Amino acid sequence: MPVSLGMPSAPPPVLAPRRQTRQIQVGSVGVGSDHQVSVQSMTTTKTHDIGATLQQIAELTAAGCDIVRVACPTDKDAAALKVIAQQSTIPVIADIHFQPKYVFAAIEAGCGAVRVNPGNIKKFDDKVKEIAQAASDHGTSIRIGVNAGSLDPRLLKKYGKATPEALVESAVWEASLFEEHGFKDFKISVKHNDPVIMARAYELLAQEGDWPLHLGVTEAGPEFQGTIKSATAFGYLLGQGIGDTIRVSLSAPPVEEVKVGLQILQSLNLRERKLEIVSCPSCGRAQVDVYTLADEVTEGLKDVTVPLRVAVMGCVVNGPGEAREADLGVASGNGKGQIFVKGEVIRTVPEEQIVETLIEEARRIAAEMGLEEDGGDDAAAGAPVVSVH
Ligand code: SF4
C-alpha cells in the first residue's frame, strides 16, 4: 500500500507572484508568465558536427534542459540546422551574431527561435522588417539578446560603458523596431557579467514592457564562481517574479549549467524539489563523519526522481528534530544511527550500516509511492546515445 509522504496539498510558497508578461512559444515550449520558468543551455560542439551536437542535446535533454541553443557562425553550421531542429526532442534556438543571412537560414530550418544580437549585426535595424516577416511566416520567435560585451557602439558612446541604462535602452529600442512591424513574439535578455549590473538592468527592463525575459549572467566564470553569481542574480530577480527562462553560463560542461539552473528553480519553489538532502555542517559535537555520510547518501540516491527529503545529522542536538521533519533521516550518536521514517524511529543501526539502511529505506519509500521511474533517471541510466538518420 502506498505510504503518504506528507506532501503538502497546497503548492509550496514562492517569494513573489510572477510578473505578468505576454506569452511566446519557443517551438513546443511556452515562455512567459503562464508557463513554468524554463531552463536553457547551449551546446559546445561544432554545430556542423551534427552527430556530436545531437548527442550533446540528448544529454542535456536527459539532464532536464527545456530549450537548447546552438551557435551558427558559418555556412556549414547554418546548413546543419535543419537536421538538428528536426531530430532534437527539445526546441532549438540558433544563436546568430554578425551575419543576418543566418537569421533567415535558421528560421527556414525550423528552429524554435533565433537569438539575434543587434549590437553586432551590421545595419541590423534595416533588417528588422524582413526578419519580422520571415519569423511571422514560419511561427518562429526571436530573442533580442543584448550583451554588455557587444553593446551597440552608439550606446557605448553615449553611456561610456555598459551600464544597466545602456543595456535597457538598447533592448527597448530594438523591441520597438520589431513592434513597429507588428511582431511581438520575442523575449529579451540584457546580460552582463556583473550580477549587480545585470540584476539592475533586468529590474529596469521589467518596468518598460510586458516582454518575457530570458535571464543570464553572461560569462559568469568557472563552475563555482558562475554558480554563485547566477544563483545570486537569478534568486534576486526570480524572487521578485522577474524572469521567464534562464540560462546559467559556466565555463564547464553544459549539463552542469542545467543542473545548476534546475537547482536554483527548485530552491525557489519554482520547480518541484526532488531529492533534497538536509545535512548539518558538522561541528565539534559530531559523532559521525557527516561529510562522508551526506556524500555517500547523495551519491547512492542520485537516481531517485521522487520528491524526497533525507536528513543526515551528526548528533542528537538537532538530529532527531530534523530527522523527524524529513521523509527519512538519521540522527547519529554513540556509534549508532537512529533511522526515522516520517517521524518514527524504525530502527537503530551501527554507524557502518547507516548509509546502506538510508538508501534501502529511500528506495522502498520511492517504490511504494509508485513514482520512481524504472532504473532511475536517464543520467543514472547512462548517457543517452543518438544516431543521426
Ligand atoms: S547536528 Fe550536531 S553535529 Fe551537526 S552541526 Fe548541529 S550540533 Fe553539530
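## Exercises on a predicted model

Cys111 is buried, at a relative accessible area of 4%. The model is predicted. The exercises below start from this cysteine.

**Exercise 1.** Find out how many disulfides the model has, and explain the result for Cys111.

*Solution.*
- Step 1. Recall the bond: a disulfide joins the sulfur atoms of two cysteines covalently.
- Step 2. Set the cut-off: the two sulfur atoms must lie within 2.5 Å.
- Step 3. Check Cys111. The closest cysteine sulfur belongs to Cys72 and is 7.8 Å away, so the gap is too far for a bond.
- Step 4. Check Cys65. The nearest cysteine sulfur is that of Cys111, at 15 Å, and Cys65 is in no disulfide.
- Step 5. Give the count: 0 disulfides.
- Step 6. Add the setting of Cys65. Its relative accessibility is 3%, and it counts as buried.

**Exercise 2.** Name the residues with the most contacts inside the largest nonpolar core, then list the contacts of Leu238.

*Solution.*
- Step 1. Take the core. It has 76 residues.
- Step 2. Pick out those with the most contacts inside it: Ile142, Phe178, Phe186, Ile188, Met198, Phe234 and Leu238.
- Step 3. Turn to Leu238. Set aside neighbours within four places in sequence; Leu238 then touches Val37, Leu215, Gly243, Ile246, Ile264, Leu265, Leu268 and Leu270.
- Step 4. Look for another core. A second, separate one has 28 residues, among them Val297, Val349, Ile354 and Ile365.
- Step 5. Recall the general trend: nonpolar side chains tend to be buried together in soluble globular proteins.

**Exercise 3.** Place Gly261 in the fold and describe its surroundings.

*Solution.*
- Step 1. Locate Gly261. It sits in helix α9, residues 254-267.
- Step 2. Read its accessibility. At 0% relative accessible area, Gly261 is buried.
- Step 3. List its contacts, leaving out neighbours within four places in sequence: Val39, Ile246 and Val248.
- Step 4. Take Ile246. It is 15 residues from Gly261 along the chain, yet their C-alpha atoms are 7.0 Å apart.

**Exercise 4.** Examine the positive phi values of Asn334 and Lys342, and decide whether each residue is buried, partly exposed or exposed.

*Solution.*
- Step 1. Recall the background: most residues other than glycine have a negative phi.
- Step 2. Read Asn334. Its phi is positive, near 55°.
- Step 3. Place Asn334: the loop between β13 (328-333) and β14 (336-341).
- Step 4. Judge its exposure. Its relative accessible area is 68%, so Asn334 is exposed.
- Step 5. Read Lys342. Its phi is positive too, about 45°.
- Step 6. Place Lys342: the loop between β14 and β15 (344-350).
- Step 7. Judge its exposure. At 34% relative accessibility, Lys342 is partly exposed.

Note on methods:
Residues numbered from 1 in each chain as written. Predicted model: local features only at pLDDT ≥ 70, side-chain atom pairs only at ≥ 80, totals over all residues. Heavy atoms only, no water. Helix = DSSP H or I, 4+ residues; strand = E, 2+ residues; numbered from the N terminus. Buried < 20%, exposed > 50% of the residue type's maximum accessible area, 1.4 Å probe, protein only. Core = buried A, V, L, I, M, F, W, Y, C linked by side-chain atoms within 4.5 Å. Contact = heavy atoms within 4.5 Å.
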